[in-house]
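Work through the exercises below with the sequence and the model open side by side, and try each task before reading its solution.

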Amino acid sequence: MMINPGSTHLAAIKAALFAACLLPAFLLWRGFELDTLGANPIEAITRGTGDWTLRFLLITLAVTPLRKLTGWHWVVRLRRMLGLFAFAYGTAHLLTYLWLDQFFDWYAIARDILKRPFITVGFAALVLMAPLAATSSNAAIRRLGGRRWQALHRAIYPIAVLGCVHFWWLVKKDITEPLIYTAITAALLGIRAWWREQERRKQLAGGYLPQPPRLTGKVIRIFAK
Amino acid sequence: AGLGPIAASPLSTTEPPTSRRAVTTYNNFYELGTDKADPAENTFRLKPTPWTLRVEGLVNKPRSFGIEELIKLVPLEERIYRMRCVEGWSMVIPWVGFPLAALLKQVDPQGSAKYVEFVSHYDKATMTRGVLDWPYLEGLRLDEARHPLTLLAVGLFGEVLPVQNGAPVRLVVPWKYGFKGGKSIVAIRLVEKQPLTAWMKAGPSEYGFYANVNPEVDHPRWSQATERRIGEFTKRKTLMFNGYADQVASLYSGMDLRRFF
């Protein structure tokens, strides 16, 4: 198993992953062209883009656990692309709703967003994703500083939860599928909480403080030069 | 087995029927699976012959009908009806059947009968478990059940009813949301009290007893003002009582349709 691919390998992996991420969109488009999406193709496209938004969110959330469990640190370098695909499919999902489903009937759309909690929740999730997508460049990371950037990008946790709620509330009765997504989300967030707790205990047991002690008073120079 | 002669009906709409492929592959029939494509793939889970329909309860002449008897009870008619699903899509479907009123006449309902309950077939061994409280139950007020538009369907597109559409006999009430039309019916009971239907049990705030198509009363989670006619690209406005207001509005005069949804 390749543990740490070189830059040429990584470029190839990224290209293959990019193509794979486009595949669901291609299949939906082809299904629409060939009329193989069933009796209600617009519903199938809405469902398809929504499913893939949630899937890409969960795949993005799986990167860190995968890295920690396998030691493949390089997978982190694929995370940005996965997150951006989640946003792209989310945007396609919203556009399908606005265009194919509602046909830009803004009055109906506004009423829907305000009156129907599952649409409100889905819309909120996408709105929250926008600043994450906008700050995905290296330049943005530098501008924000690593710590602030990381804090902002933790918004993916509530976004994934909102995505699950959105799916759960739209289903008429059979909640099997939303239940599966929710269980995976819970596992991916749960493992992070578990690790954080382990870290905290280790620090307590080790007797050292998580933050360097605040120094007050006079600084004594120990090593003379 | 064919259905024999089928007469056209003046109660049919002149709108063009939805494609047979859509009508027979896009179905809500949860006993055969909760995905729309499932019922057509799981038809082997339901054997429509032999079949017996019991008509019982507050009637003077309770009896059972074999499906062959039922088909020959009165002359069959083709009724092309609009069908509006509570989920916001619609179709135009050429049913073959006869008025439920003709069957009710055979059993002579008693004066105390006020409602009619429809029990669908359920076999735990082969059908979906959970989701709803089985068997699927539906109900109508007796005057709704006797309305000339209310149909017991035994066919579709001039042929025997396919399993995924509710073979061998199902209810069709064109001014109500599609789920009111119980499929694969094994018993019809005349009762005094309003039946508690499967969907009322599953979501009392979302599904009421009447379930009349009404663009002004939204489902709590989506609007009912518009619908997508399967095969069409843009949505169309939903009509009061699914366009059958002239024939059925009088059944509900004086009723608050927001309360009795």
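**Exercise 1.** In this predicted model, find where α2(A) is kinked, and describe the helix around that point.

*Solution.* Begin at the kink, which lies at A:V63, amounts to about 30 degrees and comes shortly before the proline A:P65. Next, take the helix as a whole: α2 of chain A runs over residues 41-70, and its 30 residues reach 41 Å from the first C-alpha to the last, close to the 44 Å expected at 1.5 Å a residue. Finally, step past the end of α2(A), where A:G71 follows with a positive phi, near 80 degrees.

**Exercise 2.** Decide whether B:N27 is buried or exposed, and work out which residues it contacts beyond its sequence neighbours.

*Solution.* First locate B:N27, which sits in the loop between α1 (20-25) and α2 (38-41) of chain B. Its relative accessibility is 6%, and because buried means under 20%, B:N27 counts as buried. Leaving aside neighbours within four places in sequence, B:N27 is in contact with B:D35, B:K36, B:P39, B:Q164 and B:N165. In addition, a polar atom of the B:N27 side chain lies 3.0 Å from the backbone oxygen of B:V23.

**Exercise 3.** Follow the contact to B:N165 and establish its surroundings.

*Solution.* B:N165 is placed in the loop between β9 (159-160) and β10 (170-172) of chain B, and with a relative accessible area of 3% B:N165 is buried. Not counting residues up to four places away in sequence, B:N165 touches B:N27 and also, among others, B:R170 and B:K183. An unreviewed UniProt entry places the feature "binding site" at residues including B:N27, B:N165, B:R170 and B:K183; these four are included in the lining of the largest cavity.

Terms used
Residues are numbered from 1 along each chain as its sequence is written. Chains are lettered from A and ligands numbered from 1 in the order in which they are written. This is a predicted model: local features need pLDDT of at least 70, side-chain atom pairs count only at pLDDT 80 or more; totals for chains, interfaces and linings use all residues. Side-chain values use heavy atoms; hydrogens and water are left out. Helices (H or I, at least four residues) and strands (E, at least two) are DSSP runs, numbered from the N terminus. The expected span of a helix is 1.5 Å times one less than its number of residues. The bend at a residue is the angle between axes fitted to the seven residues ending there and the seven starting there. UniProt positions are given in the numbering used here, feature names are shortened, and annotations may be inferred rather than shown by experiment. On a 1 Å grid over the protein atoms alone, a cavity is a set of points where a 1.4 Å probe fits but cannot get out, and a pocket is an open set with protein on both sides within 12 Å along at least five of seven lines; lining residues have an atom within 4 Å of a point. Buried means under 20% relative accessible area, exposed over 50%, partly exposed in between (1.4 Å probe, protein chains only). Contact means heavy atoms within 4.5 Å. A polar contact is a pair of N or O atoms within 3.5 Å; within protein, one must be able to donate a hydrogen and the other to accept it, and residues adjacent in sequence count only if both atoms are side-chain atoms.
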